[in-house]
Amino acid sequence: MDYATLGRTGLRISVAGLGCGGFSQLGLARGKSETDAIAIIHQALDLGVNFFDTAAAYGTETVLGKAIKAVRREDVVIATKAPFSFSNNRSAPEEIVASLDKSLRQLDTDYIDVYQLHGVPPSAYDHALNALAPALLKEKAKGKFRHLGITETSPHDLQHETLQRAAQDGVWDVAMVGFHMMHQNARERVFPPTRANRVGTLLMFAVRNIFSQPERLRADMRELAAAGEVPQWLAETPNPLSFLIHEGGATTVPDAAYRFVRREPGVDVVLFGTGDPEHLRTNIASILKPPLPEADRRQLATLFGHLVGVGLDAPHLSRRGPSPSR
Ligand SMILES: NC(=O)c1ccc[n+]([C@@H]2O[C@H](COP(=O)([O-])OP(=O)(O)OC[C@H]3O[C@@H](n4cnc5c(N)ncnc54)[C@H](OP(=O)(O)O)[C@@H]3O)[C@@H](O)[C@H]2O)c1
């Protein structure tokens, strides 16, 4: 495992972080048992992962709390989130503090390393900054958590307006950002201010459905080609990303996707979500591999560098419809 410093938090964390949400939720969303989910966390620990991201909304805090009993608390870095929903984004400070207390109980821990507001849309940012952050910082002073973070809601914030502000405001030590091979605009919009202000970055949406389900990728390419957004040949080939897979290049599409985000300047930690032991092993290996060949990176920039908002779907919601991102 490689380790990085998470911005100004100073935390040393594994460059591969296990996401306990997304479409898999450690496998629990796909019929796996709590025992299986704990085994996934233990496998990650054995491979050197020390960073785990969960949320009140994921239903995985309790299982994460049980799994980390296997190690010393100080040897893991736990991030969780307040249920700041897109539809109810004027949550009162007391509700957020009550959720923090519940998360501490569910995780069965004395402190949380990174406590984040979950999926804050630009329209609610002032409320998050002026009403919720001050209330949370009082709880931080009591020792309930160590660093305050914020996550964007990628499907509703295609230009990263929330994080552009958050990176400058001095309140949020950590930012979770959506970035992948077909949604690359965080390069200009988020990473320059997070780097300048030493805000730690957690990368989400590296693979999601679009790069883990071949039919989904083909369908999106057909739509994008019909809209004139990508060349027609990408709609007519069974694997539109096959140009990335060759000797000296990527071995699979998920391999390419994780390597692409890992090597982006400004990315501290790549989150990956899985309930599958083999995916866990190969994803960590991908995140630790060298960058994709320069010619492939150039081709990705040429073909997809202008795309915005592709593949940003969320669990339980329609593919393109309005949704909170998880
Ligand atoms: N706004 C927010 O706060 C927000 C939004 C989104 C995500 N997140 C965080 O980011 C984390 C990562 O997002 P994500 O869970 O969507 O992760 P991801 O790594 O982008 O995508 C994982 C998806 O691809 C599948 N997969 C993983 N590895 C694979 C492989 N090698 N081959 C084929 N399929 C593979 C997984 O299912 P299997 O179980 O089959 O592997 C899962 O459905 C989340 O868990 C959450 O912690 C936060």
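Which residues is His147 in contact with, leaving aside its neighbours within four places in sequence? I would like to start there, and the answer is Thr9, Leu11, Asp113, Val114, Tyr115 and Asp173, where contact means heavy atoms within 4.5 Å. Before going further, I should say that this is a predicted model, in which local features need pLDDT of at least 70 and side-chain atom pairs count only at pLDDT 80 or more, while totals for chains, interfaces and linings use all residues. Residues are numbered from 1 along each chain as its sequence is written, and side-chain values use heavy atoms, with hydrogens and water left out.

To stay with His147 for a moment, this residue lies in strand β7, residues 145-152, and helices (H or I, at least four residues) and strands (E, at least two) are DSSP runs numbered from the N terminus. His147 counts as buried because its relative accessibility is 13%; the cut-offs are under 20% relative accessible area for buried, over 50% for exposed, and partly exposed in between, with a 1.4 Å probe and protein chains only. From His147 to Leu288 the C-alpha distance is 26 Å, with the two positions 141 residues apart in sequence numbering.

Let me turn to helix α12, which covers residues 294-304. Its buried residues are Asp296, Arg297, Leu300, Leu303 and Phe304. They lie on the same side of α12 because they cover an arc of only 135 degrees around the axis, the arc being that of the directions from the helix axis to the C-beta atoms. On the other side of the helix, Arg298 and Thr302 are exposed. The cover over the buried residues of α12 includes α8 (214-226), α9 (233-236) and α10 (253-262).

Phe304, in helix α12, deserves a closer look. It counts as buried because its relative accessibility is 0%. Leaving aside neighbours within four places in sequence, Phe304 is in contact with Met181, Met182, Gln184, Met221, Val230, Leu234, Leu241 and Phe243. Of these partners, Met181 is 123 residues away from Phe304 in sequence, yet the two C-alpha atoms are 7.1 Å apart in space.

Phe304 also appears in the largest nonpolar core, which has 85 residues, and those that touch the most other members are Leu18, Phe52, Leu117, Trp172, Met182, Phe211 and Phe304. By nonpolar core I mean a set of buried Ala, Val, Leu, Ile, Met, Phe, Trp, Tyr and Cys residues joined through side-chain atoms within 4.5 Å. A second, separate core has 15 residues, including Leu6, Phe51, Leu202 and Phe205.

Just past the helix, His306 sits in the segment after α12, and it is partly exposed because its relative accessible area is 43%. The C-alpha atoms of His306 and Glu278 are separated by 33 Å, with the two residues 28 apart along the chain.

Next, the largest pocket, which holds about 640 Å³ of space. A pocket here is an open set of points on a 1 Å grid over the protein atoms alone, where a 1.4 Å probe fits, with protein on both sides within 12 Å along at least five of seven lines, and lining residues have an atom within 4 Å of a point. There are 32 lining residues, and Ser24, Tyr258, Phe272, Gly273 and Thr274 lie nearest the centre of the pocket. The elements giving two or more residues to this lining are α10, β10 (269-273) and α11 (277-288). By class, the lining divides into 12 nonpolar, 13 polar and 7 charged residues.

Finally, a few loop positions. Leu26, in the loop between β3 (16-19) and α1 (34-46), has a positive phi of about 60 degrees although it is not a glycine, and Leu26 counts as buried because its relative accessibility is 0%. Arg208, in the loop between β9 (200-204) and α8, likewise has a positive phi, near 50 degrees, in a residue other than glycine, and Arg208 is buried, with a relative accessible area of 15%. Thr252, in the loop between α9 and α10, is partly exposed at 36% relative accessibility, and its C-alpha atom lies 9.6 Å from that of Phe211, which is 41 residues away in sequence.

Definitions and conventions
Points joined across faces, edges and corners; volume = space filled by probe spheres on them. Nonpolar A, V, L, I, M, F, W, Y, C, P; charged D, E, K, R; others polar.
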